[in-house]
Amino acid sequence: MALKKLSNLNQEGSCDVLKLSKFSYWQKRYQDQHQDLGFDWFITPADILEHILDILNQVKKKHVNKSLHLLDLGCGTSDLSLNVLAHTSSPVSMILLDFVKEALLYQRKKFSKISQKGSSVQFVCADILNIPFCNNSFDLIIDKGTMDALLKDSTNGQFKCEVMMSEVMRVLSKYGRYMQISDEDPDSRLLCLEEICHKAFTSSHKPNSISHELDHKKLTSDSNLELWEERNILNKVTYKDGNSLQEKIQNHTDSSSFDPHHCHSLERSDITSWSFEVVSSHCGREYFIYWFDKLR
């Protein structure tokens with residue numbers, strides 16, 4: 001199923017929505033000093049902060065004896081994680097991940113100006129199609145517009161989302177939650193999410209190895225705001241036919257025959273059904289929070 005309705009992630013008025021799925025576009029945008037890098041796509045953090053903190057507390061109740069580990073997946077330059085850190089009542093171990101270094105340098109500068117109140121923050125430059133962390137690493141994964149950007153690519157977008165979702169399920173901990181913020185209405189998005197999950201669970205081919213995994217619990221340095229980089233990740237994952245993940249994405253004809261990473265050990269019953277909540281912005285527009293919980 002192709003996603004028929006394109007969301008309004010591109011608020012710049014351009015008809016070229018494909019560019020929003022491209023590394024080159026985001027790198028150029030974040031390198032451009034004239035751009036307002038503090039601009040938040042979709043809804044502003046102030047409009048959803050209460051909802052995010054409520055979800056954080058729900059997840060915390062299932063992990064009462066540990067600090068929460070949070071992953072902001074494709075964080076860009078959004079202020080969302082900054083606001084969460086500033087207002088949460090419990091310490092969190094937070095990872096901001098993006099594939100553009102300039103976005104993370106901008107984030108690091110912002111975070112250096114606030115008190116972390118016992119929490120920790122790390123910045124990892126990597127690709128969401130191969131998240132460089134060990135299995136079961138995160139209790140909450142936040143996706144604010146990241147899948148929407150991937151879906152702008154009408155040729156490979158849904159396939160990339162299947163790879164991303166497989167990685168999300170792999171690094172999400174037991175009783176952890178993946179939540180997605182989008183402007184796509186439930187009539188379209190829920191069907192798309194179910195198909196993406198189905199493909200991630202039912203595909204058949206297995207990778208030979210994953211090149212590199214970080215343990216966020218061991219990310220220690222003199223500076224709590226160190227930037228970690230993992231370069232050319234797509235070309236480091238190889239499959240039995242000798243192709244890299246990048247080649248799989250470029251050459252795929254049927255994504256149902258591809259098994260991205262470690263998801264093959266899970267079944268559909270290992271996650272809950274998708275839920276959603278409607279959130280209104282300060283300008284009166286509706287946005288949506290979608291989520292599922294991992295059961296094992």
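Is lysine 110 buried or exposed? In this predicted model, lysine 110 has a relative accessibility of 14% and therefore counts as buried, the cut-off being under 20%. The residue belongs to a group of buried positions in helix 4, which spans residues 101-111. The group consists of Ala103, Leu104, Gln107, Lys110 and Phe111. Viewed down the helix axis, these buried residues fall within an arc of 115°, so they line one face of helix 4. The spacing follows a general rule. An α-helix has 3.6 residues a turn, so residues three or four places apart point the same way.

Lysine 110 also takes part in a salt bridge. Its partner is aspartate 79, and the closest N and O atoms are 2.3 Å apart. This pair links distant parts of the chain, 31 residues apart. Aspartate 79 sits in the loop between strand 1 (68-73) and helix 3 (80-87), while lysine 110 is in helix 4. The two ends differ in burial class. Aspartate 79 counts as partly exposed because its relative accessibility is 22%, whereas lysine 110 is buried at 14%.

The count of salt bridges comes to eleven. Side chains of opposite charge can pair when their charged atoms come close. One of these bridges joins aspartate 148 and arginine 189, with an N to O distance of 3.1 Å. Aspartate 148 lies in helix 5 (residues 146-150) and arginine 189 in helix 7 (residues 186-202). The pair links distant parts of the chain, 41 residues apart. Both residues are buried.

Helix 7 provides a partner for another bridge. Here lysine 199 meets glutamate 162 at 4.0 Å, N to O. Lysine 199 is in helix 7 and glutamate 162 in helix 6 (residues 157-171), so the bridge ties together parts 37 residues apart in sequence. Lysine 199 counts as buried at 16% relative accessibility. Glutamate 162 is buried too, with a relative accessible area of 4%. Elsewhere, salt bridges with shared partners join Lys62, Arg177 and Asp293 into one network.

The nonpolar interior was examined next. The largest nonpolar core has 36 residues. Those with the most contacts inside this core are Leu73, Leu97, Ile141, Met147, Met165, Tyr178 and Phe292. Both helices and strands contribute. Two or more residues come from each of strand 1, strand 2 (92-98), strand 4 (138-144), helix 5, helix 6, strand 5 (172-182), helix 7 and strand 10 (286-293). Helix 6 gives the most, with eight residues. A second core is separate and has 32 residues, including Phe42, Val92, Met179 and Tyr287.

Lysine 144 is a further buried lysine. The residue is placed in strand 4 and counts as buried at 12% relative accessibility. A polar atom of the lysine 144 side chain lies 3.2 Å from the backbone oxygen of isoleucine 43. Isoleucine 43 also appears among the contacts of lysine 144 beyond its neighbours within four places in sequence. The others in that set are Asp40, Trp41, Phe42, Ile48, Ser78, Leu80 and Ile181. Phe42 is, in turn, a member of the second core.

Histidine 63 lies in the loop between helix 2 (45-61) and strand 1. At 7% relative accessibility, histidine 63 counts as buried. Its side chain is placed against two backbone oxygens. That of valine 59 lies 3.0 Å from a polar atom of the histidine 63 side chain. The backbone oxygen of lysine 174 is reached at 3.2 Å. Lysine 174 is also a contact of histidine 63 outside the neighbours within four places in sequence, as are Leu68, Asp139, Ser173, Tyr175 and Gly176.

The cysteines were considered last. A disulfide is a covalent bond between the sulfur atoms of two cysteines. A search of the whole structure finds zero disulfides. For cysteine 125, the nearest cysteine sulfur belongs to cysteine 75 and is 9.5 Å away. The cut-off for a disulfide is 2.5 Å, so cysteine 125 is in none. Cysteine 125 is buried, with a relative accessible area of 8%. Cysteine 283, by contrast, is exposed, with a relative accessible area of 58%.

Conventions. Residues are numbered from 1 along each chain as its sequence is written. This is a predicted model: local features need pLDDT of at least 70, side-chain atom pairs count only at pLDDT 80 or more; totals for chains, interfaces and linings use all residues. Side-chain values use heavy atoms; hydrogens and water are left out. Buried means under 20% relative accessible area, exposed over 50%, partly exposed in between (1.4 Å probe, protein chains only). Helices (H or I, at least four residues) and strands (E, at least two) are DSSP runs, numbered from the N terminus. The arc is that of the directions from the helix axis to the C-beta atoms. A salt bridge is a side-chain nitrogen of Lys or Arg within 4 Å of a carboxyl oxygen of Asp or Glu. A nonpolar core is a set of buried Ala, Val, Leu, Ile, Met, Phe, Trp, Tyr and Cys residues joined through side-chain atoms within 4.5 Å. A polar contact is a pair of N or O atoms within 3.5 Å; within protein, one must be able to donate a hydrogen and the other to accept it, and residues adjacent in sequence count only if both atoms are side-chain atoms. Contact means heavy atoms within 4.5 Å.
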